[in-house]
Amino acid sequence: MIRLNNETPSNVLQDVKIGNLVTDTFSKTGLVEKIEITDDGLYRIYKFILVTGRSITVKK
C-alpha cells in the first residue's frame, strides 16, 4: 500500500500506476482507477481517482 500525502516524494507519486492500492492515511483507501496530473505553474497537482469514486489530491 502506498501512502499519499504532501510529504510523499515526487518520484513515488510518479511511480503510482492504475491498480495500485493507495491510502491518504485517514479515510480514503482503495485501488487507483485513474490518474490526472496537472501543472498550474506553481504546483504540480496529482489527482488519484479511486475505484470507490473518491479521490486523493496531492500538491507538490
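Before I show you anything, let me settle one term: two strands are said to pair if DSSP finds at least two bridges between them. With that in hand, please keep in mind throughout that what we are looking at is a predicted model.

Let me begin with strands β2 and β3. Strand β2 covers residues 21–23, and it pairs with strand β3, residues 29–39, in the antiparallel sense over three bridges, which satisfies the requirement of at least two that I gave a moment ago. If you want to follow individual partners on the screen, Leu21 has Leu31 as its bridge partner in β3, and Val22 stands opposite Gly30 in that strand.

The two strands form a hairpin with five residues between them, and in that stretch Thr25 takes a positive phi near 70°. Why should we stop at that value? As a general rule, most residues other than glycine have a negative phi. Thr25 is a residue other than glycine with a positive phi, and as to its surroundings, Thr25 sits in the loop between β2 and β3 and counts as partly exposed, at 36% relative accessibility.

Staying with β2 for a moment, consider Thr23, which lies in that strand. Is Thr23 buried or exposed? Its relative accessibility is 9%, and because buried means under 20%, Thr23 counts as buried. The side chain of Thr23 reaches the backbone oxygen of Lys28 at 3.3 Å, and, leaving out residues up to four places away in sequence, Thr23 touches several others, among them Met1, Ile2, Arg3 and Ile56.

Now let us move along to the next pair of strands. β3 and β4 also pair in the antiparallel sense, here over seven bridges, and one of the partnerships is that of Glu36 with Lys47 in β4. The hairpin of β3 and β4 has four residues between the strands, and there Gly41 takes a positive phi near 95°.

If we step back to see how the strands are arranged together, we find an open sheet of five strands in the order β1-β2-β3-β4-β5, with mixed pairing. β1, residues 2–3, and β5 stand at the edges and have a single partner strand each, so one side of each is left without a neighbour in the sheet.

Let me turn to the side chains, starting with the charged ones. How many salt bridges does the structure hold? It holds one, in which the side chains of Lys34 and Glu36 meet at 3.5 Å, taken from N to O. Lys34 counts as partly exposed at 43% relative accessibility, and Glu36 is also placed in the partly exposed class, at 31%.

The aromatic residues come next. A search of the whole structure finds one aromatic pair. The ring centres of Tyr46 and Phe48 lie 6.3 Å apart and their planes are at 5°, so this pair is stacked. Tyr46 counts as buried at 1% relative accessibility, and Phe48 is buried with a relative accessible area of 0%. Among the residues that Tyr46 touches, again not counting those up to four places away in sequence, are Leu13, Glu36, Ile56 and Val58, and Glu36 is the residue we have just met in the salt bridge.

This brings us to the interior. In soluble globular proteins, nonpolar side chains tend to be buried together. Here the largest nonpolar core has ten residues: Leu4, Leu13, Val16, Val22, Val32, Tyr46, Phe48, Leu50, Ile56 and Val58. β4, residues 44–50, and β5, residues 55–59, each supply at least two residues of this core, and β4 gives the most to it, with three.

I would like to finish with one member of that core, Val16. Where is Val16 placed? Val16 is in the loop between α1, residues 10–15, and β2, and at 4% relative accessibility it counts as buried. Val16 and Leu4 are twelve residues apart in sequence, and their C-alpha atoms are 9.7 Å apart in space. Setting aside its neighbours within four places in sequence, Val16 is in contact with Ile2, Leu4, Val22, Val32, Ile35 and Phe48. Leu4, Val22, Val32 and Phe48 are also among the core residues I listed, and Phe48 takes us back to the stacked pair with Tyr46.

Methods:
Residues numbered from 1 in each chain as written. Predicted model: local features only at pLDDT ≥ 70, side-chain atom pairs only at ≥ 80, totals over all residues. Heavy atoms only, no water. Phe/Tyr/Trp six-rings, centres within 6.5 Å; stacked < 30°, edge-to-face > 60°. Buried < 20%, exposed > 50% of the residue type's maximum accessible area, 1.4 Å probe, protein only. Salt bridge = Lys/Arg side-chain N within 4 Å of Asp/Glu carboxyl O. Core = buried A, V, L, I, M, F, W, Y, C linked by side-chain atoms within 4.5 Å. Contact = heavy atoms within 4.5 Å. Polar contact = N/O pair within 3.5 Å; in protein donor to acceptor, adjacent residues only side chain to side chain.
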